[in-house]
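Subject: Structure for you to look at

Hello,

Here is the structure I said I would pass on. Please open it alongside this message; my notes follow below.

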2 protein chains.
Amino acid sequence: MPTKRERPGRGDGNGAGGSVVDEAIGRLRKRIESGEFAPGHRLPPEAVLAAELELSRPSLREAVRALAMAGVLDVRRGDGTFVTDLHPERLLSALGSFLDLAQDTGLEEMLECRKVLEPGATALAATRIDDAALDGLLERIERMRTLQDPEELVREDLAFHADIVAAAGNRTLSSLVSSVTQRTARARIWRALVKSDVLSWTHQQHMDIYAALRARDSLAAFTAAGRHVGDVELWVRERLDPLRERTER
Amino acid sequence: MPTKRERPGRGDGNGAGGSVVDEAIGRLRKRIESGEFAPGHRLPPEAVLAAELELSRPSLREAVRALAMAGVLDVRRGDGTFVTDLHPERLLSALGSFLDLAQDTGLEEMLECRKVLEPGATALAATRIDDAALDGLLERIERMRTLQDPEELVREDLAFHADIVAAAGNRTLSSLVSSVTQRTARARIWRALVKSDVLSWTHQQHMDIYAALRARDSLAAFTAAGRHVGDVELWVRERLDPLRERTER
DNA sequence: CTATCGCAGACATCTGACATCTTGGGGCGC
DNA sequence: GCGCCCCAAGATGTCAGATGTCTGCGATAG
C-alpha cells in the first residue's frame with residue numbers, strides 16, 4: 001500500500017497530516033521552500049490554487065489562514081495573497097504573539113531564559129552600540145525615575161532592555177528575547193507586585209548596565225545584566241511563591 | 001449598523017483585526033486568557049460556537065484552524081475541539097517548525113543566537129544534569145567517532161547539544177534553542193561543508209564540555225560551550241563566505 | 001461480567017453564490 | 001495634452017446548506 005496514511009499522532013498539526021488542509025499546508029510549504037514561491041511572490045488566486053491542489057476554496061482558505069498566522073503568507077483583501085519576506089524576526093514575532101497564553105507555571109522558565117539570554121545579548125550590544133542609542137538609554141533611565149504609574153514604568157523598563165538587545169544588531173536575537181520578555185510583562189501580574197522599593201535598586205543596576213555599555217566593556221555588561229536579571233528573578237520569586245500557595249487547588 | 005469595523009492596520013494578522021475571522025481569533029483568545037476556556041477544556045461544537053460569535057461555520061473553522069496551528073487548540077475529528085495544555089514548549093514548537101523557511105541570509109544571525117544561548121544553557125545544565133544523562137552524552141560522543149555519513153553525524157551532533165539543553169530542565173529554553181538550532185541544521189548546507197577534518201577538534205571540544213558537565217562546573221561548561229560555538233561559527237563563516245560570493249546575483 | 005454492535009454527535013469537506021475591497025484604466029473636464 | 005474622477009474587473013471575505021466519515025459511549029446479547 002503506497003499511502004496508508006496512518007496518524008503520526010498529529011503532533012503539532014502542521015506538516016502533511018491526515019486532513020486535506022494539512023496536506024495543502026505541507027504542499028504550499030514545499031513550494032515556498034523550493035523557491036517556486038519566493039519571498040514577495042504573489043501566488044495564484046484562491047480559485048486557481050484550490051484547483052491546483054484539488055480542494056475546495058474554504059479548505060484552501062484554512063490552509064492559507066494557517067500559513068498567514070505563522071507569518072509565512074500575507075493576504076491582502078482585494079489584492080492577492082503574497083509570500084512575506086520570510087525574515088526570521090517576522091516568523092519569530094508571529095510565534096511570540098501567542099506565547100503569552102502560556103500557563104502561569106511557565107513564568108519561572110521564562111525568567112530563566114532571560115537569565116540566559118540577556119547577559120549574552122547585552123555583552124554583544126556593548127561591542128556594537130552607537131552613541132545615539134546610548135543617549136536614548138540614558139533618557140529612558142531618567143524617565144523611569146519620574147514615572148509613577150506602575151504600568152507605564154514596566155513598559156519603560158521593557159523598552160530599555162529591548163533597546164539594548166536591538167543595539168546588538170541581531171534582529172533574530174531581538175525577536176527571541178522579546179518573545180520571552182513579553183511573556184513576563186503581563187501588566188496584571190506586575191501591577192500587584194510593583195512597589196516603590198523597586199526603583200531604588202533597579203535604577204542603580206540600570207545605571208551599571210548603561211555604564212558598561214558606554215565603556216564598550218562586554219564583560220562588565222555581561223556581569224551587570226546577569227546580576228540584574230538574577231535579582232529580578234529572586235525578587236519576583238519571593239513575592240510569587242506565597243501567592244501561589246494560596247491559589248493552589 | 002452597530003459595528004462599524006474600521007481597519008486598525010491589521011498588523012501581523014492576529015489579534016482583533018478587520019475580518020470576522022481575525023475578530024473571532026481574538027475573542028477566542030480572550031476567552032482562553034480569561035480562564036473561561038482552561039487548558040484541557042472542551043469548547044462548544046462548531047455550530048454552537050459559530051452562533052455565539054455570530055459567524056458562519058467555515059469562518060469559524062478558519063479561526064479554529066489558525067489557533068490549532070499555533071498550538072493553542074487541538075481538534076480531534078469526531079470528538080471535539082479542546083484547549084491544549086498551553087505549555088510554552090508546545091506553543092514554541094508549533095510555529096517554530098516554520099522557522100526553517102527563513103531566508104538563508106539569516107544564518108549568521110542564527111549562529112550568533114547560538115553563541116548567546118548555548119553557553120548559558122550548558123552552564124545551567126551543569127547544575128542539574130544527572131548521571132544517566134551524562135552517560136548518554138558520552139555514548140553519543142563515542143558514536144560520533146565511528147559515524148561516517150555526514151548527515152548522520154550532523155544529526156548526532158545536534159542531538160548531543162539538544163540533550164545538554166534538555167538536561168538544563170527548562171523546556172521553554174529547550175524549545176527556544178531548538179528553534180534556532182534546527183534552522184542551522186539544513187542537511188543540504190552541511191553536507192557540502194562537512195569534511196573529515198571536523199571530527200578532530202569537535203571531538204576534543206565535545207569532550208571538554210562533557211568533562212565540565214561531569215564535574216558540575218558551570219563556569220567551565222560555559223567557557224567550553226562558548227568556545228565550541230565560536231569555533232563552529234568561524235569554521236562555517238570561512239567556508240560560507242567564498243561560497244556566497246559565487247551565488248551573489 | 002464482558003465483548004460487540006449500533007447510534008448520536010462532531011468534525012471534514014464540498015458546491016455555489018453574494019458582498020466588499022483594491023487596483024488600474026478609460027472617460028471626462030480643464 | 002495633462003490631470004482628475006469614476007467605474008469595472010478581479011481578488012479576497014463571508015455565508016448557506018448538504019453530505020461524508022470518524023469517535024465515543026451506551027445498549028444489548030452472549
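A residue is counted as near a DNA strand if one of its heavy atoms lies within 4 Å of that strand. Please keep in mind that this is a predicted model.

DNA strand C

By that cut-off, 23 residues surround DNA strand C, and the closest are V20(A), S56(A), S59(A), E46(B) and R61(B). Of the strand C atoms that come within 4 Å of the protein, 80% belong to sugar and phosphate. Helix 3 of chain A gives the most to this surface, with three residues. At least two residues each come from helix 1 (20–33) and helix 3 of chain A, and from helix 3 and strand 3 (80–83) of chain B. Sorted by class, the surface near DNA strand C has eleven charged, seven polar and five nonpolar residues.

Three polar contacts to DNA strand C are worth looking up. R77(A) places a polar side-chain atom 3.1 Å from a sugar or linking oxygen of the strand. T81(B) has a polar side-chain atom 3.3 Å from a phosphate oxygen. G78(B) works through its backbone: a polar backbone atom of this residue is 3.3 Å from a base nitrogen.

DNA strand D

Around DNA strand D there are 24 residues, the closest being E46(A), R61(A), V20(B), S56(B) and S59(B). Sugar and phosphate make up 79% of the strand D atoms within 4 Å of the protein. Twelve charged, seven polar and five nonpolar residues form the surface near DNA strand D.

Which atoms of DNA strand D does a polar side-chain atom of R57(A) approach? The partner is a base nitrogen, at 3.1 Å. A base nitrogen of DNA strand D also lies 3.4 Å from a polar backbone atom of G78(A). From chain B, R77(B) brings a polar side-chain atom to 3.2 Å from a sugar or linking oxygen of the strand. The elements that give two or more residues to the surface near DNA strand D are helix 3 (57–69), strand 2 (73–76) and strand 3 (80–83) of chain A, together with helix 1 (20–33) and helix 3 (57–69) of chain B.

The sheet of chain A

Chain A has an open sheet of three strands in the order 1-3-2, with antiparallel pairing. Strand 1 (42–43) and strand 2 of chain A are the edge strands; each has a single partner strand, so one side of each is left without a neighbour in the sheet. Strands 2 and 3 of chain A run antiparallel and are joined by four bridges. Within strand 3 of chain A, V83(A) stands opposite L73(A), and G80(A) stands opposite R76(A). The hairpin of these two strands has three residues between the strands, and G78(A) takes a positive phi near 80 degrees there. G78(A) is also the residue whose backbone comes 3.4 Å from a base nitrogen of DNA strand D.

Helix 7 of chain B

Helix 7 of chain B covers residues 150–167. At 1.5 Å a residue its 18 residues should span 26 Å, and its end C-alpha atoms are 26 Å apart, so the two values agree. Its buried residues are L153(B), V154(B), E156(B), D157(B), F160(B), H161(B), I164(B), V165(B) and A167(B). Just after the helix, G169(B) takes a positive phi of about 75 degrees.

Regards

Terms used:
Residues are numbered from 1 along each chain as its sequence is written. Chains are lettered from A and ligands numbered from 1 in the order in which they are written. This is a predicted model: local features need pLDDT of at least 70, side-chain atom pairs count only at pLDDT 80 or more; totals for chains, interfaces and linings use all residues. Side-chain values use heavy atoms; hydrogens and water are left out. A polar contact is a pair of N or O atoms within 3.5 Å; within protein, one must be able to donate a hydrogen and the other to accept it, and residues adjacent in sequence count only if both atoms are side-chain atoms. Ala, Val, Leu, Ile, Met, Phe, Trp, Tyr, Cys and Pro count as nonpolar, Asp, Glu, Lys and Arg as charged, and the others, Gly among them, as polar. Two strands pair if DSSP finds at least two bridges between them. The expected span of a helix is 1.5 Å times one less than its number of residues. Buried means under 20% relative accessible area, exposed over 50%, partly exposed in between (1.4 Å probe, protein chains only).
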